[in-house]
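This report reads a single structure from its overall layout down to individual side chains. Please keep the sequence and the coordinates at hand while following it.

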Amino acid sequence: MSWVERFAARHDRWASALMCVLMVGVFGHQFVTSQGNVLSPWKGGGFGMYTQPHGIEERAAFLVIDGNPLRLAPADPEFLAWVERGDPASAAYVKRMMAEADRMRSFPRAAQAERLMAAGSRLVWDKALFGTWTDVGPVPVDQMSVTVIEVVRRPSTGTIETRVVFSHAGG
C-alpha cells in the first residue's frame, strides 16, 4: 500500500477536500484561460463541453423566399444595409424577425419557423436583395421555407462540410 492510499484511508475527509480543491482549481484555470483566448472552452480541463454549446456560431438561419435564400442570422451585410435604409418602424419589425431567426440557430422548432414565415409574408421584398430582375413583392407563406445550416470544419481531413440542421416549408 502506497503512502497516498494510506493517507487517503486515514484521512478520508481531507482527501475528499483535496480532490475537490484540485477539481475547482482545474475548472478555474480552464475558465480563466478560455476567457483570455489562450484556450477555447472545449480544450484544457474538459469543462467547456458542459458550458458552451457546440456549433451555434457556425450555424446560419435562412428564410427561403420563392427559392431565393436570405440569410437572417447572422445577418447578411447587404440585408442589414437594406433594413437600415427603411423607416424605423419597418426596420424594428425586420429586426424582430432577425432575432427570431437568431434564436432558431441553437434550437430550431417548427413553430418558430411558422412565425418567421408569417412575419415574412407581410413584407414587400425588394428585388435587389435576391439579385433578380423581377420584383419579388409580397410572398405567401406557402412559397417560403426556413432552413438552418451548420458549417463544420474538419481540420483533421482539411475539409469544410455543410449540413442542414433544420428545414421547414410553409404551407
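Contact, as the word is used here, means heavy atoms within 4.5 Å. The model under discussion is a predicted one, and in it Thr 147, leaving aside its neighbours within four places in sequence, is in contact with Ala 60, Ala 61, Phe 62, Val 64, Val 164, Phe 166 and Ser 167. Thr 147 belongs to strand E3, which covers residues 144-154, and with a relative accessible area of 14% Thr 147 is buried, because buried means under 20% relative accessible area.

**Overall layout**

The protein chain has six helices and four strands, and along the sequence these elements follow the pattern α-α-α-β-β-α-α-α-β-β. Among contacts between residues at least 6 apart in sequence, 47% join residues at least 24 apart. Of the 171 residues of the protein chain, 32% count as buried, while the chain as a whole exposes about 11200 Å², of which carbon and sulfur atoms supply 61%.

**Helix H5**

Helix H5 runs over residues 88-104, and its 17 residues should span 24 Å at 1.5 Å a residue, which agrees with the 24 Å that separate its end C-alpha atoms. Which residues of H5 are buried? They are Ala 91, Val 94, Met 97, Met 98, Glu 100, Ala 101 and Met 104. As background to such a list, an α-helix has 3.6 residues a turn, so residues three or four places apart point the same way.

**Salt bridges**

The structure holds six salt bridges. In general terms, side chains of opposite charge can pair when their charged atoms come close. Three of the pairs are set out below, each with its N to O distance.

| Basic residue | Acidic residue | N to O distance |
|---|---|---|
| Lys 95 | Glu 84 | 2.8 Å |
| Arg 115 | Glu 100 | 3.0 Å |
| Arg 105 | Asp 102 | 2.8 Å |

The side chains of Lys 95 and Glu 84 meet in a salt bridge, and this pair links distant parts of the chain, since Lys 95 sits in helix H5 and Glu 84 in helix H4 (residues 77-85), 11 residues apart. Lys 95 is partly exposed, with a relative accessible area of 38%, and Glu 84 is likewise partly exposed, with a value of 47%.

Between Arg 115 and Glu 100 there is another salt bridge; Arg 115 lies in helix H6 (residues 110-120) and Glu 100 in helix H5, so the pair ties together parts that are 15 residues apart in sequence. Arg 115 counts as partly exposed at 45% relative accessibility, whereas Glu 100 is buried, with a relative accessible area of 10%.

In the pair formed by Arg 105 and Asp 102, the basic residue, Arg 105, is buried, with a relative accessible area of 12%, while Asp 102 is partly exposed, with a relative accessible area of 40%. Elsewhere, Arg 59, Glu 150 and Arg 163 are linked in a network of salt bridges.

**The loop between H6 and E3**

Is Leu 123 buried or exposed? Leu 123 lies in the loop between H6 and E3, and at 12% relative accessibility Leu 123 counts as buried. From Leu 123 to Pro 140, which are 17 residues apart in sequence, the distance in space is 9.9 Å, C-alpha to C-alpha.

Note on methods:
Residues numbered from 1 in each chain as written. Predicted model: local features only at pLDDT ≥ 70, side-chain atom pairs only at ≥ 80, totals over all residues. Heavy atoms only, no water. Helix = DSSP H or I, 4+ residues; strand = E, 2+ residues; numbered from the N terminus. Expected span 1.5 Å × (residues − 1). Buried < 20%, exposed > 50% of the residue type's maximum accessible area, 1.4 Å probe, protein only. Salt bridge = Lys/Arg side-chain N within 4 Å of Asp/Glu carboxyl O. Areas by Shrake-Rupley, 256 points an atom, 1.4 Å probe, with all protein chains shown as cover.
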